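Student: Could you walk me through the open sheet in this model, strand by strand, and then show me how the rest of the structure sits around it? I'd like the cut-offs spelled out as you go.

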Amino acid sequence: MSQSARKKEYEIAIIGQPNVGKSTLFNILTGRRAHVANWPGVTVEVHEGETEFDGYRIKLVDLPGIYGFSTLSLEERIARNYILSGRPDAVIVLVDSLNPERTMYLAIQALEMTGKIVIGFTKSDAAHAHGIHINYDLISKRLGVPVVPVSAATLRGVRSLLRAALDVARGKAGRKKPLRIDYGELEPHVSSIESILREFEERLEYPIRWMALRLLEGDDDLYKYVKGVCGETVAEEIQRIREEVRKIFHRDPAELLARKRFEYLRKILGDAIVRLEIKKGRFEGFTKLFYRPFIGPVLSIAILLGMFMIAFTINTGFPLNILLDSLGMHGAASAVEEYSIGGLMEKLFSWISNWIINTFGESWLTDLIANGIISGVGSVLIFLPLIMIVSLFLAILEDSGIAPRMAVSLHGPLSKIGVSGHAIFPMTMSLGCNVPAILATRAIPSRSERLRLMITLPFIPCQARLVVILAFASSLISGYGALLVVLGYVVAFLAFALVNKVLYMLEKRKTGRKEPELVLELPPIHRPLGRVIWWHVWDSSKHFLKKAGTIIFALSIILWFMINVSPSLTLTDNPAESIAAGFAHFLSPIVYPIGISPDKAWIVAFALLVGFIAKEAVIETLTILTGTASAQQALFLLGLTVPQLASLTVFIVLYVPCIATLAVIYSESRSIKHTLATIALMLGIAYIAMLITYGLSLIL
Amino acid sequence: MGLTPGVVVDVVMNIGRGPIIIRVMGVEIALGRGIARRIIVEPIST
């Protein structure tokens, strides 16, 4: 390591158990906006970032959150192989000051691998609030590595942590050799494995002592490796020692070693940690409400509904406008609608479109830009404020620790349809926009549950579909209008629940798996940190803009050509002559069963086709094709009856996810099969639901 | 999650058929019934 003393660039890794505040600290160190969540294990991929400190360039590697190095999950394997590879010049192990006894276990295991360790105690300010006092110097002296208290909330200790890591990287601090724990009565067995391995020392890449311990614990990967390097007989001899230990102590060696490590940890921390009487949290009574059978779910749903009422009102004016309207305050109602964020943004985009056409004159190019790209991209951007508001609320719930408790409270009801309590957050997000909802399923531990949710979440009507429902509702007399809105949501959630249930039953029959499981850490309730919340909001907005924006941008161009170019490839002003109209005529028999006449059916089919790209464009298309100024007029001109409107609404709510959602389903599931299955399933169910609605409303 | 052999577990909440809430080394953890059933405990005096 003598040459690295002059090196100007170092690689420093960060590991820690889930929920110790690793992602937050990584963000602070690198200024990178990575996702921070209260869900254990949300950081699946490895993040890298760079920073400068004291004239050194530091490459920071954020490894996945892991509990230890024993079970060899994918995340643990990634972290272990990386640390053993010798690439990191120092490893920062983060320990939760609120739970040092538990979260330090990882640090002990890491110390058995390498001496180039710095231990950071996160949430050090919160520890004080909880009456926990830690003697960092004492722990540092006992372990022989730097121990630094940090706080993501106040940024205290962040620089000291980096400096300590640099010292370790430059060989000025840290242990020269890995930590050696006394395993007591197990020692003779450990040393016999050690002495066997010692004969092959030159050819083995890892520390002998560490290998001996891991082999005794039953590390299959390492066992295969040793078998390869040292041969069959050596491997068998090690296996024999393992069996011997099991026989002597009547326990799995892995369990024995883990127990010894915890004993060692208790010795290290014992008198180094002082706990004053922990104040019973102010929120104790409140949080316990969530665990109660009936009150819990009701409270959770009330919070979510309240949140959405506020978010919807800010964004579209709904439902406040309808409420004001029914109270006779028509002026106030239309003001709420006009000055909602959605209304204002719509104005802005139409102003930009007009400005472009007025300034550069009317040509096919300005029309493409103004009516194709700007209105297309604008229709997506309109949802950005809503997504930001909803993710702001969700971030507050998550960071404060309320969200995991809501998941617990709703686990019971949700497991009836085969999903765990985790599913509530993607479901909630779906009401705003399906795209971030599909992304939010990442926090769900069970892969099969996650795939099921990806297929079914698009059933939940997003804001775009709400816009369509509201437009349809506005063409009915007010009582019926409100009923239509309710109908849309009830049908959608019924479809969501039923399909989930059926898929779950099928899966259960095939794999024999039992009820959905919940394992969730419930972090202490605390005041949410502004910084962390902003990262959340920015992260989901960024994802949304990137994933939806690029696709919508490309598709708005394609769509514009489809509407403005005739099959003979000449530009046309009349949409009825366009390529898209040709498609629509072909598809129009779809709506014959609900009694829409063929001469008008193609207009509806065309709107549905456009709705595949962006749902809210259904209304716009109907008005353009009928040559009217509003949805009411368009629907009137089409002469749709109440049963036809109702069944069409149901169809539009269910029929297919928008193209941006499909793109995300594909990129998250990495399966064409799943993506196509989603379309087929939704189309089928939407069609059946449409026919049922039509039939029922005719009878009524 | 700190549920190691010999650890002391407090039951915070155990109502009906919902998840059981326990406290292990100072942290609350919610466990579904299926998983909770597979954890073997013996009562100790408080």
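Tutor: Here's the sheet first, and then the cores, two odd backbone spots and the chain contact.

A bit of bookkeeping before that. This is a predicted model, in which local features need pLDDT of at least 70 and side-chain atom pairs count only at pLDDT 80 or more, while totals for chains, interfaces and linings use all residues. Residues are numbered from 1 along each chain as its sequence is written, with chains lettered from A and ligands numbered from 1 in the order in which they are written.

Chain A holds 32 helices and 9 strands; these are DSSP runs numbered from the N terminus, H or I with at least four residues for helices and E with at least two for strands. Your sheet is built from 6 strands of chain A in the order β2-β3-β1-β4-β5-β7, and it is open with mixed pairing. Two strands pair here if DSSP finds at least two bridges between them. The edges are taken by β2 and β7 (147–149) of chain A, each with a single partner strand, so one side of each has no neighbour in the sheet. On average, neighbouring strands are turned by 25 degrees against each other, direction ignored. Axes are lines fitted to C-alpha atoms, for helices over the stretch in contact, and angles run from 0 to 180 degrees between N-to-C directions.

Let's start at the β2 edge. Strand β2 (residues 47–53) of chain A runs antiparallel to β3(A), with 7 bridges joining them, and Thr51(A) stands opposite Ile58(A) in β3(A). The two strands form a hairpin with 2 residues between them, and Asp54(A) in the turn has a positive phi of about 55 degrees.

Next comes β1(A). Strand β3 (residues 56–62) of chain A and β1(A) run parallel, joined by 6 bridges. Glu9(A) has Arg57(A) as its bridge partner in β3(A), and Ile14(A) stands opposite Asp62(A) in that strand. Toward β4(A), β1(A) is again parallel, with 5 bridges; there, Ile14(A) has Ile92(A) as its bridge partner. Since 6 of its 8 residues are buried, β1(A) is largely enclosed by the rest of the structure. "Buried" needs 20 or more other C-beta atoms within 10 Å of a residue's own, "exposed" means 12 or fewer, and "partly exposed" is in between, with C-beta atoms placed from the backbone.

The loop between β1 (9–16) and α1 (22–30) of chain A contains Asn19(A). Asn19(A) has a positive phi of about 70 degrees, though it isn't a glycine, and it counts as buried because it has 27 C-beta neighbours inside 10 Å. For contrast, look at Leu569(A), in the loop between α25 (530–564) and α26 (579–587) of chain A. Its phi is also positive, near 65 degrees, but with 8 C-beta neighbours inside 10 Å, Leu569(A) counts as exposed.

Now zoom out. Buried residues make up 47% of the 700 residues in chain A. A nonpolar core is a set of buried Ala, Val, Leu, Ile, Met, Phe, Trp, Tyr and Cys residues joined through C-beta atoms within 7 Å. The largest one has 125 residues, and Ala605(A), Phe606(A) and Leu654(A) have the most contacts inside it. Its largest share, 10 residues, comes from helix α27 (residues 598–611) of chain A. A second, separate core of 73 residues includes Val20(A), Ile108(A), Leu111(A) and Ile139(A). In soluble globular proteins, nonpolar side chains tend to be buried together.

Finally, there's chain B. In all, 22 residues of chain B are in contact with 24 residues of chain A, a contact being two C-beta atoms, placed from the backbone, that lie within 7 Å. On the chain B side, β3 (27–31) and α1 (33–37) each supply at least two residues, and β3(B) gives the largest share, 5 residues. That side divides into 12 nonpolar, 8 polar and 2 charged residues; Ala, Val, Leu, Ile, Met, Phe, Trp, Tyr, Cys and Pro count as nonpolar, Asp, Glu, Lys and Arg as charged, and the others, Gly among them, as polar. There's strand pairing across the chains too: strand β9 (residues 519–522) of chain A and β3(B) are antiparallel over 4 bridges, with Glu28(B) as the bridge partner of Leu522(A).
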